Amino acid sequence: MMQILRPVLILVGKDILLEWRSRDLVVSVLVFSLLIVVVFNFALNVTPQRVTVLAPGIIWVTFAFAATLAMNRSFVREMEQGGLAGLLLSPVSRDAIFLGKALGSFLFMLLVEAALLPVFGALLNFSVLSFTLVLTIAMATLGFALVGTLFSAIAVQTRSREIMLPVLFFPVILPVIIAAVEASSASIGSEPGVGLNRWLPLLAIFDALFLVICPWVFAVVVEE
Amino acid sequence: MPVNLVGDAIKLEGLEKSFGDWPVLWDLDLTLGWGQFLVLFGANGVGKSTLLRILSTQARADAGKALIAGHDLRRNPQAVRSRVGVVAHQTFLYDDLTALENLVYYGRLFGLNDPEKKADEALSRLGMDRRSGQRLRNLSHGMQKRVAIARAIMHQPPILLLDEPESGLDRGSVELLKKLLQEWAASGRAVVMTTHDTELGFSWTGQLGLLAEGKLHLRGPEGTGDSTEFHRRVTVSLGASR
């Protein structure tokens, strides 16, 4: 266990330090996400009657776009001076490398989402202090991080990396987005029980599947 | 300090590698013992970097057998990775970390005890101790290269693989590198480096090799073999006019 956990933590620590030094990713993702929220707020008339229908869609479109931006940048940084190649040359298992990168993205996305959630609550006029909503966000973000890390590793090796990631990412992550939207809708609409019983188990199944499949595919992808 | 190592450092038999329909290496054999220093010449595109990438587990050979420090490249790549130090065209370092932070990060990945101390020692050996606190992006290309070499030697690998390590280094740094590599081989470890620079390559004591037409042609250590004929083949192969 420590053989996996130790390099995972070393990788996460390095990613946090790099982001702390530059702060370019967190600032750009936050500004981009806020712009999406503002655009949606003006484009759609979110009245208290329609908040249950519209808010979950706005939240998850914003989070999904923010995730693609964050994931893409995460691996571009690794490629700049050959950091990924250096990482692959170290005696660390590919699973640990994948999990380290995915955990870093997961924590980063949670940070961005935590900053955005009060903005959603204020602009769309709903309570964000819901256990179901927070759990939904955490579970869906884990799915985003796992799938996004895998496809970033693929996309970053192509010439059209900015386009490639969303093209690969969205079809696979769609079931997670649907489940997250439904669970969030139930939570915002004061029916958290429906979300918990129906959609959260589905999110858990997707996360478990991705947790098994993605590291395995990653190991194949990063081999030459 | 001399290192006791058994068997061959590198043993390649019938190694083959193609890119699509384009064969780069074929039927390549090589045996390199401990304490040997192989300087590898070759024109652009003959597969020098590809060979080093295969030896360092970055690329996979299509066919053939490769043992690095007694470990099969295919079956046990992780054991190979902990036994080789690699200097490539890219530094494998992060611009926003200091030289010391970069090395400590890699030291931790390699599971070194006291990585800060090992990183300090490696940087001192490359004359970078006074710049260890500077971010990589603020160092010159040559200094970044020296940090990259420090990264490669920090975990004291028994085998060093260097792809044109002299590029970007000034004369003083090249002398430093030469001393380091010769000490590395003299301590019983093995070194393989590629270079385009015939003058430099011929001036370094060690086994000389020419990679041409997918195969490796070796000339023995200094003083053995037909050095004039080998020199001619190298210069012809590299297209040099000297």
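Which residue takes a positive phi in the hairpin of β9(B) and β10(B)? B:Glu213 does, with phi near 50°, in a hairpin that has two residues between the strands. Strands here are DSSP runs of E of at least two residues, helices are runs of H or I of at least four residues, and both are numbered from the N terminus.

The model is predicted, so local features need pLDDT of at least 70 and side-chain atom pairs count only at pLDDT 80 or more, while totals for chains, interfaces and linings use all residues. Residues are numbered from 1 along each chain as its sequence is written, chains are lettered from A and ligands numbered from 1 in the order in which they are written, and side-chain values use heavy atoms, with hydrogens and water left out.

## The six-stranded sheet of chain B

The hairpin belongs to an open sheet of six strands in chain B, ordered β6-β7-β8-β3-β9-β10, with mixed pairing. Two strands count as paired if DSSP finds at least two bridges between them. β6 (84–87) and β10 (215–219) of chain B are the edge strands; each has a single partner strand, so one side of each has no neighbour in the sheet. From one strand to the next the twist averages 20°. Angles run from 0 to 180 degrees between N-to-C directions, and axes are lines fitted to C-alpha atoms, for helices over the stretch in contact.

At one edge, β6(B) runs parallel to β7 (residues 159–163) of chain B and is joined to β7(B) by four bridges. Within this pair, B:Val87 is opposite B:Leu162 of β7(B). At the other edge, β9 (residues 207–212) of chain B and β10(B) run antiparallel and share five bridges, with B:Leu211 opposite B:Leu216 of β10(B).

Two helices lie across strands of this sheet. Helix α5 (residues 141–153) of chain B crosses β6 and β7 of chain B, at about 170° to β6(B). Helix α6 (residues 171–186) of chain B lies across β3 (37–41), β7 and β8 (190–194) of chain B, at about 140° to β8(B).

## The four-stranded sheet of chain B

Chain B also has an open sheet of four strands, in the order β2-β1-β4-β5, with antiparallel pairing. Its edges are β2 (22–32) and β5 (71–72) of chain B, each with a single partner strand, so one side of each is left without a neighbour in the sheet. The pairs of this sheet are set out below.

| Strand pair | Bridges | Opposite residues |
|---|---|---|
| β1(B) and β2(B) | seven | B:Leu15 and B:Leu28 |
| β1(B) and β4(B) | five | B:Glu16 and B:Ala63 |
| β4(B) and β5(B) | two | B:Ile68 and B:His71 |

In the hairpin of β4(B) and β5(B), two residues lie between the strands, and B:Ala69 takes a positive phi near 50°. Helix α1 (residues 48–55) of chain B lies across β1, β2 and β4 (63–68) of chain B, at about 120° to β1(B).

## The interface with chain A

Contact means heavy atoms within 4.5 Å. By this rule, 29 residues of chain B are in contact with 28 residues of chain A. The two chains bury about 2,500 Å² between them, of which carbon and sulfur atoms give 56%; buried area is the accessible area (1.4 Å probe) that two parts lose on being put together, summed over both. In chain B, the residues that lose the most area to chain A are B:Arg81, B:Tyr94 and B:Leu109, together 25% of what that side buries.

One salt bridge is found across the interface; the term means a side-chain nitrogen of Lys or Arg within 4 Å of a carboxyl oxygen of Asp or Glu. The partners are A:Arg21 and B:Glu101, whose closest N and O atoms are 2.7 Å apart. On the side of chain B that touches chain A, the elements giving two or more residues are β1 (10–19), α2 (77–81) and α3 (99–109) of chain B. Of these, α3(B) gives the largest share, five residues.

## Salt bridges over all chains

Over all chains the structure holds 14 salt bridges. One of them joins A:Lys101 to A:Asp15, with the closest N and O atoms 3.0 Å apart. A:Lys101 lies in helix α5 (residues 94–124) of chain A and A:Asp15 in helix α1 (residues 2–22) of chain A, so the pair ties together parts 86 residues apart in sequence.
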